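Colleague: Hi! Could you walk me through this one? I'm still new to reading structures.

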Amino acid sequence: MKKVLVIVVVYNGMAWLSRCLGSVSESSLGADLFIVDNGSSDGSVEFVKEQFPQAVLKVDPSNPGFAAANNEGLSYALENGYDYVYLMNQDAWVFPDTLERLVSVCETAPGFGILSPVQMKDGCVEMDVQFSRRTYTARKEVSPELWSVPYVMAAHWLVSRKCLEKVGLFAPFFPFYGEDENYCSRALYHGFGIGVVPSAKAVHDRASRNEAKERKVFRNFYMKSLTLLADPSRRCPVCRYLYIIPYSFHCCFKYRSLLPLKYLGKVFGKTREALSVRRESMREGAFIRHNVSI
């Protein structure tokens, strides 16, 4: 039996925690829970202690971000001999056979380091919009049981120990957005495939939330630009500005705002640090022995 650790980062997640954490308890493949609470004020910590006393719970009131919180769980998995980790958002849940299907496929496809189920909206009638747009449309069928993709959101990730040991932890440089895209680029650089198991389904429930324009620009332009600069698989970091600069004007038009130009200046200011992350990412076990925080 393979040892699986499910890692959930929580921040004021009471609306979802019962279904999220409860779905792990109902999994046909036994898995342990590692929960990091990033300073919740809605009773999430008390709920976890009362309803899921078997879980390992770490509380960090400083809220260091998604990447750093997940690194706590990933380090715990490495130190305690887990074969797989499963990263799951607090607003997500799995079905009883999800983990079992993912692990079964990963055992027969050792070249794949990250596998995801098909990520659905609540109700399971439609795919999550971002999953459909960025992952499903780019899929290539490896076999009836496995699609190869260049990227998949970390709302649902099964990561093998072999991949974790070689690729390393999340880069703390990306605290809230971009960490999953950066990790995917690093996995590809180190020779691991990223895949989706079409027979496995899971839910990412975020349909009711609306994003402010500035947050969209921050994520879709600023963080996207930094992940491009930090991508270890691209040989000429300076040439990436040939994409980033025109893309800033594209985003100005798209969002009808000058915010992308404001963030373009911030990208220039973070270039040296992003390139430092790129160099660190080329090393096996990045951010494990040297937890570089920029």
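Modeller: Happy to; we can go through helices, cores and pockets in turn. This is a predicted model, where local features need pLDDT of at least 70, side-chain atom pairs count only at pLDDT 80 or more, and totals for chains, interfaces and linings use all residues. Residues are numbered from 1 along each chain as its sequence is written, and side-chain values use heavy atoms, with hydrogens and water left out.

Colleague: Great. How far apart are the end C-alpha atoms of helix H3?

Modeller: They are 20 Å apart, which agrees with the 20 Å that 14 residues (66-79) should span at 1.5 Å a residue. The expected span is 1.5 Å times one less than the number of residues. Helices (H or I, at least four residues) and strands (E, at least two) are DSSP runs, numbered from the N terminus.

Colleague: Which residues of H3 are buried?

Modeller: Phe66, Ala67, Ala69, Asn70, Asn71, Gly73, Leu74, Ala77 and Leu78. Buried means under 20% relative accessible area, exposed over 50%, and partly exposed in between (1.4 Å probe, protein chains only).

Colleague: And what do they pack against?

Modeller: The partners of those buried H3 residues are strands E1 (4-10), E2 (32-37) and E4 (84-88), plus helices H6 (161-167) and H7 (179-189). Contact here means heavy atoms within 4.5 Å. Just after H3, Gly81 has a positive phi of about 75°.

Colleague: You mentioned H7. Why call it largely enclosed by the rest of the structure?

Modeller: Because 8 of its 11 residues are buried. Among them are Glu179, Asp180, Tyr183 and Arg186. Just after H7 comes Gly191, with a positive phi of about 90°.

Colleague: New topic: how many residues are in the largest nonpolar core?

Modeller: It has 62, and Leu74, Val85, Ile114, Trp157, Phe174, Phe221 and Leu226 have the most contacts inside it. Helix H8 (residues 213-230) brings the largest share of this core, 8 residues. Apart from it lies another core of 33 residues, including Leu29 and Cys106. A nonpolar core is a set of buried Ala, Val, Leu, Ile, Met, Phe, Trp, Tyr and Cys residues joined through side-chain atoms within 4.5 Å.

Colleague: What does Ile114 touch?

Modeller: Leaving out residues up to four places away in sequence, its contacts include Val152, Trp157, Tyr183 and Ile194.

Colleague: Now pockets. What is the volume of the largest one?

Modeller: About 1800 Å³. Of its 45 lining residues, Tyr177, His204, Arg206, Glu211 and Arg219 are the closest to its centre. On a 1 Å grid over the protein atoms alone, a pocket is an open set of points where a 1.4 Å probe fits, with protein on both sides within 12 Å along at least five of seven lines; lining residues have an atom within 4 Å of a point. Grid points are joined across faces, edges and corners, and a volume is the space filled by probe spheres set on the points.

Colleague: Which helix gives the largest share of that lining?

Modeller: H8, with 7 residues.

Colleague: And the second largest pocket, which residues lie nearest its centre?

Modeller: Glu181, Ser185, Leu228, Asp231 and Arg234, out of 16 lining residues. The volume of this second largest pocket is about 350 Å³. H7 gives the most to its lining, with 5 residues.

Colleague: Last one: is Ala15 buried or exposed?

Modeller: Ala15 is exposed, with a relative accessible area of 67%. You'll find Ala15 in the loop between E1 and helix H1 (17-25).
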